[in-house]
Amino acid sequence: MNIRIPKKIQVGPQVYTVLRDHKTHLELRGNGNIGETDHLLGTIKLDNDAPALKTQTTFLHELLHCIAYQYGAPNVEDDIERMANGLSQVLFQLKEEKNA
């Protein structure tokens, strides 16, 4: 799977800035996370040192948090994780079928 991770993305009325720099890497590792979203600041933070597939899945995970927050859906961590993993699998499968 190869998802282009943008520098900014709009979800509902909020524009989120995606941070993937070394400072963000250190901050996330210090917190024991690979990704994190701050709805107040409008940021999605991703560990730039994680493997590409993990970074893409984490981006989808954080994006689902943004969607849930902006549209008032339940924002339960376990549910978000399951949906992100399922979405990653489906997108990967669609990419493979396209290349077949």
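Helix α2 gives the most to the lining of the largest pocket, with five residues. I begin there, and I should say at once that the model before you is predicted.

The space in this largest pocket comes to about 150 Å³. Its lining counts 13 residues, and those closest to the centre are Lys54, Thr58, His61, Glu62 and Glu81. Two elements, α2 (52–71) and α3 (77–99), each give two or more residues to that lining. By class, the lining has seven polar residues, four charged residues and two nonpolar ones.

Let me stay with these two helices for a moment. Thr57 is found in helix α2. Is Thr57 buried or exposed? Its relative accessibility is 12%, and because buried means under 20%, Thr57 counts as buried. The C-alpha atom of Thr57 is separated by 9.3 Å from that of Glu81, and the two residues are 24 apart along the chain. Glu81, as you will recall, is among the residues closest to the centre of the largest pocket.

I turn now to charged pairs. In general, side chains of opposite charge can pair when their charged atoms come close. How many salt bridges does a search of the whole structure find? It finds three, and I shall take them in turn.

In one of them, the side chains of Glu27 and Lys45 meet, at 2.6 Å from N to O. Which parts does this pair tie together? Glu27 lies in helix α1, residues 22–31, while Lys45 lies in strand β4, residues 43–46, so the pair links parts that are 18 residues apart in sequence. The partners also differ in their cover: Glu27 is partly exposed, at 31% relative accessibility, whereas Lys45 has a relative accessible area of 14% and is therefore buried.

Another salt bridge joins Asp47 to Arg29, with the closest N and O atoms 2.6 Å apart. Here Asp47 lies in the loop between β4 and α2, and Arg29 lies in helix α1, so this pair too ties together parts that are 18 residues apart in sequence. Asp47 has 0% relative accessibility and so counts as buried. Arg29, by contrast, is partly exposed, with a relative accessible area of 46%.

The remaining salt bridge brings together the side chains of Asp79 and Arg82, again at 2.6 Å from N to O. Where do these two residues lie? Both are in helix α3, three residues apart, which is about one turn of the helix. Asp79 is partly exposed, with a relative accessible area of 32%. Arg82 has a relative accessible area of 53%; exposed means over 50%, so Arg82 is exposed.

Finally, I come to the surface. Which residues make a nonpolar surface patch of about 290 Å²? They are Leu87, Val90, Leu91 and Leu94. Of these, Leu94 lies in helix α3, and its relative accessibility of 48% means that it counts as partly exposed.

To close, allow me to return to helix α3. This helix gives two or more residues to the lining of the largest pocket. It also holds both partners of the salt bridge between Asp79 and Arg82, and Leu94 of the nonpolar patch lies in it as well. Helix α1, for its part, carries Glu27, which pairs with Lys45 of strand β4, and Arg29, which pairs with Asp47 of the loop between β4 and α2. Thank you for your attention.

Key
Residues are numbered from 1 along each chain as its sequence is written. This is a predicted model: local features need pLDDT of at least 70, side-chain atom pairs count only at pLDDT 80 or more; totals for chains, interfaces and linings use all residues. Side-chain values use heavy atoms; hydrogens and water are left out. On a 1 Å grid over the protein atoms alone, a cavity is a set of points where a 1.4 Å probe fits but cannot get out, and a pocket is an open set with protein on both sides within 12 Å along at least five of seven lines; lining residues have an atom within 4 Å of a point. Grid points are joined across faces, edges and corners, and a volume is the space filled by probe spheres set on the points. Helices (H or I, at least four residues) and strands (E, at least two) are DSSP runs, numbered from the N terminus. Ala, Val, Leu, Ile, Met, Phe, Trp, Tyr, Cys and Pro count as nonpolar, Asp, Glu, Lys and Arg as charged, and the others, Gly among them, as polar. Patches are made of residues with over 30% relative accessible area and no salt bridge: like charges are joined within 9 Å, nonpolar side chains (Val, Leu, Ile, Met, Phe, Trp, Tyr) within 5 Å. Accessible areas come from the Shrake-Rupley method with a 1.4 Å probe; for residues, only the protein chains shown count as cover. A salt bridge is a side-chain nitrogen of Lys or Arg within 4 Å of a carboxyl oxygen of Asp or Glu. Buried means under 20% relative accessible area, exposed over 50%, partly exposed in between (1.4 Å probe, protein chains only).
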